[in-house]
Amino acid sequence: MNILLWVLQGVLALLYLAGGGFKTFNPDDVAKQVPAVPKGGWMALGVVEMLGGLLLIVPALTGWAPSLTPLVAVVLTIETLGLAALYARYSLKLTPSNPLVYAAVMGVVVAFVAYGRWALVPLA
């Protein structure tokens, strides 16, 4: 189980770094999909995702405050499922290109990591 959680943490960290970077540096593209959130909001969400991506790995890997990892996973779960709800408001077409599908899957996987690191295989 520990190996599975590490693999999921690594994949999620890369995906959150990439997605956060896209939201931070290309907020115009994202704002076209969901106009209810201003460019500054997308940039802030991108920074949260990039910081979260780093904090999914670094504290656990270095042994410095490893209890941050499940806490960050909970924050990312709330953020990602909130985005999924926002995306659902604008598009319910379940196609592979719909960000709703991506956000919902990411939210469930990061919630599993949060539970796994909190209850199944704690780091501390």
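So, the lining of the largest pocket: by class, 11 residues are nonpolar, three are polar and three are charged. Before I go on, please keep in mind that this is a predicted model. That pocket has a volume of about 340 Å³, and 17 residues line it. If you want to find its centre on screen, look for Gly19, Lys23, Tyr87, Pro99 and Tyr102, which lie nearest to it.

Which helix gives the largest share of the lining? That is α1, with six residues. At least two lining residues each come from α1 (2–25), α2 (27–33), α4 (68–90) and α5 (99–120).

Let me stay with Tyr87 for a moment, since it brings us to the aromatic rings. The count of aromatic pairs comes to one. The partners are Trp42 and Tyr87, stacked at 6.4 Å centre to centre with 15° between the planes. This pair links distant parts of the chain, as Trp42 belongs to helix α3 and Tyr87 to helix α4, 45 residues apart. Are these two residues buried or exposed? Trp42 counts as buried because its relative accessibility is 0%. Tyr87 has a relative accessible area of 8%, so it is buried too, the cut-off being under 20%.

Now, a charged residue that I'd like you to look at: Glu49, found in helix α3. Why does Glu49 count as buried? Because its relative accessibility is 4%, and buried means under 20%. And what is Glu49 in contact with, once neighbours within four places in sequence are left aside? The list is Tyr16, Gly19, Gly20, Lys23, Leu76, Glu79 and Leu83. Two of those names, Gly19 and Lys23, you have just heard among the residues nearest the pocket centre.

On to the nonpolar cores. In soluble globular proteins, nonpolar side chains tend to be buried together. Here the largest nonpolar core has 13 residues, and the members touching the most others are Leu12, Tyr16, Leu56, Ala73, Leu76, Val110 and Val113. Helices α1, α3 (39–62), α4 and α5 each supply at least two residues of this core. Take Leu12 as an example: not counting residues up to four places away in sequence, Leu12 touches Leu56, Met106, Val109, Val110 and Val113. There is also a second, separate core of 11 residues, including Val34, Leu83, Ala84 and Leu100.

One last link, if you have the model open: Tyr16 and Leu76, from the largest core, are both among the contacts of Glu49, and so is Leu83, from the second core. Thanks, everyone, and I'm happy to rotate the model for you.

Definitions and conventions: Residues numbered from 1 in each chain as written. Predicted model: local features only at pLDDT ≥ 70, side-chain atom pairs only at ≥ 80, totals over all residues. Heavy atoms only, no water. 1 Å grid on protein atoms, 1.4 Å probe; cavity = no way out; pocket = protein on both sides within 12 Å on 5 of 7 lines; lining within 4 Å. Points joined across faces, edges and corners; volume = space filled by probe spheres on them. Helix = DSSP H or I, 4+ residues; strand = E, 2+ residues; numbered from the N terminus. Nonpolar A, V, L, I, M, F, W, Y, C, P; charged D, E, K, R; others polar. Core = buried A, V, L, I, M, F, W, Y, C linked by side-chain atoms within 4.5 Å. Buried < 20%, exposed > 50% of the residue type's maximum accessible area, 1.4 Å probe, protein only. Contact = heavy atoms within 4.5 Å. Phe/Tyr/Trp six-rings, centres within 6.5 Å; stacked < 30°, edge-to-face > 60°.
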